[in-house]
Structure formats: structure tokens, C-alpha cells
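Visitor: I should like to learn how helix packing and sheet pairing are read from a model. Might we begin with a pair of helices?

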Amino acid sequence: MTFYVDREAELFLENNGKFDLDSVTALVIKAVMASEKCGHETQINIVLTDDANIKQLNFEARGIDKPTDVLSFPALSFKTAANFAEVKDNITNFDLESGELLLGDIIISVEKVREQATAYGHSLKREYAFLLTHSLLHLLGHDHDTEDEASIMEEKQETILNEIGIFR
């Protein structure tokens with residue numbers, strides 16, 4: 001597993017000694033991939049940014065002119081969420097040097113992490129892990145457009161976070 005974290009915004013998450021960002025990121029990615037039965041080594045890009053930048057990206061990608069907490073840009077197209085048989089035979093889905101499955105990009109607003117952790121009464125670590133889990137599920141083809149889809153995603157998110165000991 002390879003993940004790259006581009007720290008565009010001031011990284012208050014580590015500066016306050018709250019948690020080790022790379023360790024939590026690796027823990028969450030491993031847990032999501034295990035939960036979704038991904039049999040491949042994976043590669044993911046994560047950008048930590050501010051509200052101004054994510055607002056611009058949100059407008060460009062979705063036509064919504066306001067900041068959001070997280071954006072997901074999947075590299076893969078699943079007909080059925082997390083059905084890795086659909087992507088295994090296409091060489092363009094893999095990094096040619098490492099052989100890792102290219103999952104896509106995640107953009108997280110560090111300002112929203114701080115704001116939402118305070119609003120929901122939990123730690124920065126928990127909010128970051130939640131947003132990362134949520135976005136990883138999107139990269140694997142899950143969505144929450146319907147009540148049933150939302151219920152499935154919510155259950156998966158809570159199960160994954162509870163299994164790795166990151167509670168509300």
C-alpha cells in the first residue's frame with residue numbers, strides 16, 4: 001500500500017500533538033481495504049487543503065460554490081461497489097512500476113476537520129479518520145444517493161472505525 005499526503009494547508013492535526021497523521025492514515029486505509037476484501041496493494045493520493053481551495057475544487061467538479069469537508073475523485077469505475085473482479089484485467093488500473101491498484105484522489109479540508117470535530121464533540125483524529133473512511137468507500141464505488149445506499153455506507157463507516165478503535 002502506498003499513500004501520498006500533500007499537506008497544502010497548515011497541518012494543525014499533528015502540530016497540536018493530537019495524533020500521528022501517517023499512522024492513522026495507514027490504519028484507516030488497511031481497515032477499509034480489508035473490510036471491502038481488496039486483494040490488491042493500493043495507491044491513493046490525499047491532499048489536505050483549506051476551505052478556499054476545496055471550495056474552488058467543489059465548484060469545478062460539482063458546480064457547488066461552497067466549501068465541503070471532503071471530495072473523492074475515483075480512478076476506477078465500478079458497476080458494483082468494491083467488485084475488484086471488474087478492474088483486475090485492465091492494466092491501466094495499475095501503477096506500472098509498483099503494480100498497485102490506483103484508487104484515486106481524496107481532498108480533505110483541514111478547516112472542516114477542525115470545525116466538524118468541535119461541532120460533533122469528538123477528536124480531530126476521529127473526524128479525520130471518518131472523512132478518510134467515507135472518501136475511501138467512495139473511491140471503491142460506494143455512494144449515498146438513496147436511503148439504502150446511505151444506510152449501507154453509514155454502517156460500513158461505523159463498523160470500520162469501531163474495529164480500529166476510533167470511536168465517537
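Guide: Let us begin with handedness: H4 and H5 cross in the right-handed sense. The model is a predicted one.

Visitor: Which residues of H4 and H5 make the contact?

Guide: On the H4 side they are Val113, Arg114, Gln116, Ala117 and Tyr120, and on the H5 side Leu124, Glu127, Tyr128 and Leu131. Sorted by class, this contact of H4 with H5 comprises 6 nonpolar, 1 polar and 2 charged residues.

Visitor: How is the geometry of such a pair expressed?

Guide: Two packed helices are described by the angle between their axes and by the distance between those axes. For H4 and H5 the angle is about 115°, and the axes lie 9 Å apart. The two helices, H4 and H5, are therefore roughly perpendicular to each other.

Visitor: Gln116 appears in that contact. Is Gln116 buried or exposed?

Guide: Gln116 belongs to helix H4, which spans residues 110-120. Its relative accessible area is 14%, and because the cut-off for burial is under 20%, Gln116 counts as buried.

Visitor: What does Gln116 touch, leaving aside its neighbours within four places in sequence?

Guide: With those neighbours set aside, Gln116 is in contact with Asp69, His122, Glu127 and Leu131. Of these, Glu127 and Leu131 are listed on the H5 side of the helix contact.

Visitor: At what angle do H2 and H5 pack?

Guide: Helix H2 (residues 21-35) packs against helix H5 (residues 124-139) at about 40°, with 10 Å between the axes. That angle makes H2 oblique to H5. The crossing of H2 and H5 is right-handed. By class, 11 nonpolar, 2 polar and 1 charged residues form the contact of H2 with H5.

Visitor: Which residues of H2 and H5 meet?

Guide: From H2 come Leu21, Val24, Thr25, Val28, Ile29, Val32 and Met33; from H5 come Lys125, Tyr128, Ala129, Leu132, Thr133, Leu136 and Leu137. Tyr128 of H5 is thus listed here, and it is also listed in the contact with H4.

Visitor: Let us turn to the sheet. In what order do its strands lie?

Guide: The sheet is open and has 4 strands in the order E1-E2-E4-E3, with mixed pairing. Its edge strands, E1 (2-7) and E3 (70-74), each pair on one side only. On average, and with direction ignored, neighbouring strands are turned by 15° against each other.

Visitor: How many bridges join E2 to E4?

Guide: Strand E2 (residues 42-49) and strand E4 (residues 101-109) run parallel and are joined by 8 bridges. Asn45 has Asp105 in E4 as its bridge partner. Ile44 stands opposite Gly104 in E4. H2 packs on this sheet, touching E1, E2 and E4, and its direction makes about 135° with that of E1.

Visitor: How do E1 and E2 pair?

Guide: Their pairing is parallel, over 6 bridges. One position to inspect is Thr2, which stands opposite Gln43 in E2.

Visitor: How many residues of E2 are buried?

Guide: In a regular strand, side chains alternate between the two faces of the sheet. In E2, 7 of the 8 residues are buried, so this strand is largely enclosed by the rest of the structure.

Definitions and conventions
Residues are numbered from 1 along each chain as its sequence is written. This is a predicted model: local features need pLDDT of at least 70, side-chain atom pairs count only at pLDDT 80 or more; totals for chains, interfaces and linings use all residues. Side-chain values use heavy atoms; hydrogens and water are left out. Axes are lines fitted to C-alpha atoms, for helices over the stretch in contact, and angles run from 0 to 180 degrees between N-to-C directions. Angles under 35 degrees count as roughly parallel, over 145 as roughly antiparallel, 65 to 115 as roughly perpendicular and the rest as oblique. A crossing is left-handed if the near helix is turned anticlockwise from the far one by less than a right angle, and right-handed if clockwise. Contact means heavy atoms within 4.5 Å. Ala, Val, Leu, Ile, Met, Phe, Trp, Tyr, Cys and Pro count as nonpolar, Asp, Glu, Lys and Arg as charged, and the others, Gly among them, as polar. Two strands pair if DSSP finds at least two bridges between them. Buried means under 20% relative accessible area, exposed over 50%, partly exposed in between (1.4 Å probe, protein chains only).
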